[in-house]
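Trainee: Could you walk me through how to read some features in a model like this one? I would like the general idea first and then the case at hand.

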Amino acid sequence: MVEERNLKNSDWENFWKDGDTYWDLGRIDPALRELVEEKDFELAKGNGLVPGCGRGYDVFYLAGKGYNMTGLDVSVTACKTASEMRESLGLGEDQAKFIAEDFYTFKVPDTKYQIAYDYTFFCTVKPEFRGKWGERYAELISKGGHLITLMFPMVPTARIPPYTLTEEMYHKALDSNFDLIYIDRNPKKEPPRTSQNVMAVWKRK
């Protein structure tokens, strides 16, 4: 039987305070590294955003590739943990900064973002809010910029969120403002996540 949880922003903070971060792999997903380093996909340059950034692994990785990165999370504890990790890595706040705010309401910089990476974030969005998710990314990303989506999970889970996703769900949320320009239905995987996922890149119209 699937257990559905109605999570609030404060619940995510409690998860971090209690150390109940079962989704945290302790590293970036290999599919992102493959896209950037092996597929050599040419992404837009400039400012980058990772919503639901957690400890900031993806933020640090992309900062190391020359992006001015922002990690966003509703959990103050997560952002504090990520900031401490940034210091241990010797990165400056201009390279990787973290803000504890809501994805839908935080202030968008005048320059907007040229890339954004969405991995274990869309899967937490309730079905009725997926259109709003897509519209928000359209507000955040500048024309010609890229939204990277690692679609996961593509198979049913024991508890939701995460919600099971399909490519069609992404198209429905994004096609009004983005063009799909790259897709890999068999990207690299590493344990413990070995089930199907899909790497895709969308260009802001």
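Mentor: Gladly, and keep in mind that this is a predicted model. Let's start with exposure at Asp 40.

Trainee: Is Asp 40 buried or exposed?

Mentor: Exposure is read from relative accessible area, and over 50% counts as exposed. Asp 40 has a value of 62%, so this residue is exposed. You will find Asp 40 in the loop between α2 and β2 (47-51).

Trainee: What is the phi of Asp 40?

Mentor: The phi of Asp 40 is positive, about 55°, although the residue is not a glycine. Asp 40 also follows α2.

Trainee: Which other residue has a positive phi although it is not a glycine?

Mentor: Lys 112 does, again with a phi of about 55°. Look for Lys 112 in the loop between β4 (96-99) and β5. Its relative accessibility is 31%, so Lys 112 counts as partly exposed.

Trainee: And Phe 41, in the loop between α2 and β2: is Phe 41 buried or exposed?

Mentor: Here the cut-off to apply is under 20% for buried. Phe 41 has 19% relative accessibility and therefore counts as buried. Setting aside residues up to four places away in sequence, Phe 41 touches Leu 35, Val 36, His 146, Ile 181, Tyr 182 and Val 201. For a sense of distance, Phe 41 and Glu 139 are 98 residues apart in sequence, and their C-alpha atoms are 24 Å apart in space.

Trainee: Let's turn to helix α2. Which of its residues are buried?

Mentor: A general idea helps first. An α-helix has 3.6 residues a turn, so residues three or four places apart point the same way. In α2 (residues 30-38), the buried residues are Pro 30, Ala 31, Leu 32, Glu 34, Leu 35 and Val 36.

Trainee: What covers the buried residues of α2?

Mentor: The cover includes helix α3 (57-63) and the strands β5 (113-118), β6 (141-151), β8 (178-184) and β9 (198-204).

Trainee: Which residue caps the N-terminal end of α2?

Mentor: For a cap of this kind, check the distance from a side-chain oxygen to a backbone nitrogen. Asp 29 is the cap here: one of its side-chain oxygens lies 2.9 Å from the backbone nitrogen of Ala 31.

Trainee: Now a pair of helices. At what angle do the axes of α5 and α6 cross?

Mentor: Look at both the approach and the angle. The axes of α5 (residues 130-140) and α6 (residues 167-174) come within 8 Å and cross at roughly 55°. That angle makes α5 oblique to α6. The crossing is right-handed.

Trainee: Which residues of α5 and α6 meet?

Mentor: On the α5 side they are Arg 130, Trp 133 and Gly 134, and these meet Met 169, Tyr 170, Ala 173 and Leu 174 of α6. By class, the contact is made up of five nonpolar residues, one polar and one charged.

Trainee: Glu 168 is in α6 too. Is Glu 168 buried or exposed?

Mentor: Glu 168 counts as exposed, at 58% relative accessibility. The C-alpha atoms of Glu 168 and Ser 195 are separated by 18 Å, with these positions 27 residues apart along the chain.

Trainee: What about Thr 149 in strand β6: which side chain does its own side chain join in a polar contact?

Mentor: The partner is Trp 202, and the polar contact spans 2.8 Å. Thr 149 is buried, with a relative accessible area of 0%. Beyond its neighbours within four places in sequence, Thr 149 is in contact with Asp 118, Trp 133, Tyr 170, Val 198, Met 199, Ala 200 and Trp 202.

Trainee: Last topic: where are the cis peptide bonds?

Mentor: Omega is the angle to check. From Phe 152 to Pro 153 the peptide bond is cis, with omega near 0°, and Pro 153 sits in the loop between β6 and β7 (159-160). The bond from Pro 191 to Pro 192 is also cis, with omega near 5°, and Pro 192 belongs to the loop between β8 and β9.

Trainee: Met 154 is in the loop between β6 and β7 as well. How far apart are the C-alpha atoms of Met 154 and Asn 197?

Mentor: They are separated by 6.0 Å, although the two residues are 43 residues apart along the chain. Met 154 counts as buried, at 15% relative accessibility.

How values were computed: Residues numbered from 1 in each chain as written. Predicted model: local features only at pLDDT ≥ 70, side-chain atom pairs only at ≥ 80, totals over all residues. Heavy atoms only, no water. Axes fitted to C-alpha atoms, helices over the stretch in contact; angles between N-to-C directions. Helix = DSSP H or I, 4+ residues; strand = E, 2+ residues; numbered from the N terminus. Parallel < 35°, antiparallel > 145°, perpendicular 65-115°, else oblique. Left-handed = near helix turned anticlockwise from the far one by under 90°. Contact = heavy atoms within 4.5 Å. Nonpolar A, V, L, I, M, F, W, Y, C, P; charged D, E, K, R; others polar. Buried < 20%, exposed > 50% of the residue type's maximum accessible area, 1.4 Å probe, protein only. Polar contact = N/O pair within 3.5 Å; in protein donor to acceptor, adjacent residues only side chain to side chain.
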